[in-house]
Amino acid sequence: MTASRVIYLGGLGRSGTTLIERVLGELPGVCSAGELIHLWRWGILDDERCGCGTPFSGCGFWTAVGHRAFGSSGWTRPLGRGMLELRSRVDRARYLPQLMAPTDLHPRRRELAAYLRAYRNVYAALLDESGTSIVVDSSKHSSLAFCLRHHRDIDLRVVHVVRDSRGVAYSWTKDMSRPESAAGRQQMTRYSPVRSALLWNANNASLAVLGRLGTPRLLLRYEDFVADPIAAVRRVAAFADLPIAGSDLDFLGPGHADLTASHTVAGNPMRFRTGRIEVRRDDAWRRQLPRRQQRMISALTAPLLSRYGYPLGAST
Ligand SMILES: [Zn+2]
């Protein structure tokens, strides 16, 4: 059995991973699947809308993937609930220390194995159904990436997406609705600037550890991606051993990308947009986030901001 190659987009939410996933999903040979960590609840149990606009249970692509992955029963509520239960037992930030150890030392290795078997089945089914060679999973959470490194048939390539902590913090303070929820009124989570600064530190630090433990990892700054998406996509493709021809990038132009619909299970609301999308740096935080908060976030995240090459002066 050949290993399923997975580009895993890691990083804290509001770092531009949905845009990056959509752009990667336009490449031949790539299947963009959305945030698979949410497949079990938002897809199977809550039947939220797929990126193609159809409720999960009505999407022909996902229905076929379910049958390939889990046989004739496909997606079932016990499967969804069982995966949420397993997730709570093995895939949480607090379990990172045990996930850093070798697999046979993991205290719940049977549950971890069952959890990973389902992911492996879904990745393999996505590749078969779409006829591609690489899945993009934009789940972002570092704990799932740490879990996935324990399955030998998952060829995990982590693209660690980082964005200026002050831009991330500003984005987390904004109201944003979730159009995929049934009522369409549910709001996305909001975090205080201090909370997002601390999460930013923890998430980025743990993804760096993953790289040091031997999982292939590529650091991609959101700001570099939007400044030159063609160069960034070429870097990611080389990292993932995906051959691309020049014409494969014709959908990208100066400051824009032409996107088609994709079957993503969860992500930022921009996953529903198709056609020409503007790709440009969003620096609203420099004007909108109060200076006092900018200084506080800079102080809390200073070591990693410097390491990633961001200026510490809050509004420079
Ligand atoms: Zn769909």
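Which side chain meets that of Arg 68 in a salt bridge? The partner is Glu 129, at 2.6 Å from N to O. This pair and other details of the predicted model are presented in the views below.

**View A. The salt bridge between Arg 68 and Glu 129 links distant parts of the chain.** Arg 68 belongs to helix 3 (residues 60-70) and Glu 129 to helix 6 (residues 109-130), with 61 residues separating the two. Arg 68 is partly exposed, at 49% relative accessibility, and Glu 129 is likewise partly exposed, at 29%.

**View B. Glu 35 and Lys 140 form a salt bridge.** The closest N and O atoms of this pair are 3.2 Å apart. Glu 35 lies in the loop between strand 2 and helix 2 (39-45), whereas Lys 140 is part of strand 3; the two residues are 105 apart in the chain. Glu 35 counts as buried because its relative accessibility is 5%, and Lys 140 is buried with a relative accessible area of 15%.

**View C. Further salt bridges of the model include a network of Asp 155, Arg 157 and Asp 241.** Arg 286 pairs with Asp 283, where the closest N and O atoms are 3.5 Å apart. Asp 283 is partly exposed, with a relative accessible area of 22%. The count of salt bridges in the model comes to eleven.

**View D. Asp 91 is buried yet has no salt bridge.** This residue occupies the loop between helix 4 (77-90) and helix 5 (96-100). The nearest side chain of opposite charge is that of Arg 87, 4.4 Å away; the cut-off for a salt bridge is 4 Å, so this pair does not count as one. The side chain of Asp 91 instead makes a polar contact with the side chain of Ser 143 (2.6 Å). A polar atom of the Asp 91 side chain also lies 3.2 Å from the backbone nitrogen of Leu 144. Among the residues that Asp 91 touches beyond four places in sequence are Ile 37, Leu 86, Tyr 115 and Cys 147.

**View E. Five strands form an open sheet with parallel pairing.** The strand order is 2-3-1-4-5. Strand 2 (30-34) and strand 5 (217-221) stand at the edges with a single partner strand each, so one side of each has no neighbour in the sheet. From one strand to the next, the twist averages 25 degrees. Strand 4 (residues 154-162) and strand 5 run parallel and are joined by five bridges; within this pairing, Val 161 has Leu 220 as its bridge partner.

**View F. Helix 1 (residues 17-25) packs on the sheet.** The helix touches strand 1 (4-10), strand 2, strand 3 (134-140), strand 4 and strand 5, and its direction makes about 150 degrees with that of strand 2. Eight of the nine residues of helix 1 are buried, so the helix is largely enclosed by the rest of the structure. The buried residues include Glu 21 and Arg 22.

**View G. Strand 7 (residues 256-259) pairs in the antiparallel sense with strand 6 (residues 252-253) and with strand 8 (residues 275-278).** Two bridges join strand 6 to strand 7, and Leu 252 has Ala 257 as its bridge partner. The hairpin of these strands has two residues between them, and Gly 255 takes a positive phi near 75 degrees. Four bridges join strand 7 and strand 8, with His 256 opposite Glu 278.

Methods: Residues are numbered from 1 along each chain as its sequence is written. This is a predicted model: local features need pLDDT of at least 70, side-chain atom pairs count only at pLDDT 80 or more; totals for chains, interfaces and linings use all residues. Side-chain values use heavy atoms; hydrogens and water are left out. Buried means under 20% relative accessible area, exposed over 50%, partly exposed in between (1.4 Å probe, protein chains only). Lys and Arg count as positive and Asp and Glu as negative; His and the chain ends are not counted. A polar contact is a pair of N or O atoms within 3.5 Å; within protein, one must be able to donate a hydrogen and the other to accept it, and residues adjacent in sequence count only if both atoms are side-chain atoms. Contact means heavy atoms within 4.5 Å. Two strands pair if DSSP finds at least two bridges between them. Axes are lines fitted to C-alpha atoms, for helices over the stretch in contact, and angles run from 0 to 180 degrees between N-to-C directions.
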